[in-house]
Amino acid sequence: VSPAQGSIRSQGWADSEEGLTEEPNLLGVQEEELLGMVSKFAKPSQKGQALQPQLAASIKYLTTHQLQEQVMTDTTGRYFAPENCVSLNVPTINTPICGNISPSIRAQEIKMQKILKLLTAGITAFARSIDGTDMTEEQQDVLALFCNVQFEINCFRKS
């Protein structure tokens, strides 16, 4: 099956590790070299079981490269909040309030709405991909963590 145009997979990163070579950062050093230089300042972290290499490479790429706008639009357009999950709807600022906040706060709010829209689409896509009556413990954890991120962002927006 070929990836649909405008899909995340059509960006080419998911099917191979080509193009995932380490690029020099702003200091002109490779990531491994930079990690070696700052390792004495780092706190040790716990690590879980390794993932399948291609999946790990995809995650690394996705967490370090922004998706193209069209890909984000196309992908989120396939996963609207379910009609029986109104808590997933991304709240917007009331018009009277919008006129009374500074431009910087308004810009921050627009960015938070974009993040929530992506998160809502992710939660919805995940929920559609599982059987809600027979979820594994890991699936329950994923859903709980994603939903808590949404809750925390909404709390942050209210503060």
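These are my notes from looking through this predicted model.

**Entry 1: overall layout**

I started with the fold. The protein has six helices and zero strands. Reading along the sequence, I get the pattern α-α-α-α-α-α. Then I checked burial: of the 159 residues in the protein, 18% are buried.

**Entry 2: salt bridges**

How many salt bridges does the structure hold? I found two.

I looked up K114 and E69. They form a salt bridge, with the closest N and O atoms 2.7 Å apart. This pair links distant parts of the chain, since K114 sits in helix α5 and E69 in helix α3 (residues 69–76), 45 residues apart. I then asked how open the two ends are. K114 has 35% relative accessibility, so I log K114 as partly exposed. E69 comes out at 46% relative accessible area, so E69 is partly exposed too.

Next I pulled up R157 and E109. Their side chains meet in a salt bridge at 1.9 Å, N to O. R157 belongs to helix α6 and E109 to helix α5, so this pair ties together parts that lie 48 residues apart in sequence. Are R157 and E109 buried or exposed? Both are buried. I note the contrast for later: R157 and E109 are buried, while K114 is partly exposed and so is E69.

**Entry 3: the second largest pocket**

I went to the second largest pocket, which holds about 350 Å³ of space. Its lining is made of 15 residues, and I93, E109, F156, R157 and K158 are the ones that lie nearest its centre. That list brings back E109 and R157, the two partners of the 1.9 Å salt bridge.

Which helices each supply at least two residues of the lining? I wrote down α5 (103–128) and α6 (137–158). These are also the helices that hold E109 and R157, with E109 in α5 and R157 in α6. I sorted the lining by character as well: seven residues are nonpolar, five are polar and three are charged.

**Entry 4: a nonpolar patch outside**

I turned to the surface. L35, M37, V38 and F41 form a nonpolar patch there, and together they have about 420 Å² of accessible area. I looked at F41 by itself. F41 is in the loop between α1 (31–38) and α2 (53–64). Why do I call F41 exposed? Its relative accessible area is 65%, and the cut-off for exposed is over 50%.

**Entry 5: two pairs far apart in sequence**

First I took T76, which is in helix α3. T76 has a relative accessible area of 9%, and I count it as buried because the limit is under 20%. The C-alpha atoms of T76 and A121 are separated by 5.3 Å, although these residues are 45 residues apart along the chain.

Then I took S87, in the loop between α3 and α4 (95–98). S87 is exposed, at 55% relative accessible area. I checked S87 against Q150: the two are 63 residues apart in sequence and 9.4 Å apart in space, C-alpha to C-alpha.

**Entry 6: what I would look at again on screen**

I would go back to E109 and R157, which are both buried, are joined by a salt bridge, and are among the residues nearest the centre of the second largest pocket. After that I would return to F41, one of the residues in the nonpolar surface patch.

Terms used:
Residues are numbered from 1 along each chain as its sequence is written. This is a predicted model: local features need pLDDT of at least 70, side-chain atom pairs count only at pLDDT 80 or more; totals for chains, interfaces and linings use all residues. Side-chain values use heavy atoms; hydrogens and water are left out. Patches are made of residues with over 30% relative accessible area and no salt bridge: like charges are joined within 9 Å, nonpolar side chains (Val, Leu, Ile, Met, Phe, Trp, Tyr) within 5 Å. Accessible areas come from the Shrake-Rupley method with a 1.4 Å probe; for residues, only the protein chains shown count as cover. A salt bridge is a side-chain nitrogen of Lys or Arg within 4 Å of a carboxyl oxygen of Asp or Glu. Helices (H or I, at least four residues) and strands (E, at least two) are DSSP runs, numbered from the N terminus. Buried means under 20% relative accessible area, exposed over 50%, partly exposed in between (1.4 Å probe, protein chains only). On a 1 Å grid over the protein atoms alone, a cavity is a set of points where a 1.4 Å probe fits but cannot get out, and a pocket is an open set with protein on both sides within 12 Å along at least five of seven lines; lining residues have an atom within 4 Å of a point. Grid points are joined across faces, edges and corners, and a volume is the space filled by probe spheres set on the points. Ala, Val, Leu, Ile, Met, Phe, Trp, Tyr, Cys and Pro count as nonpolar, Asp, Glu, Lys and Arg as charged, and the others, Gly among them, as polar.
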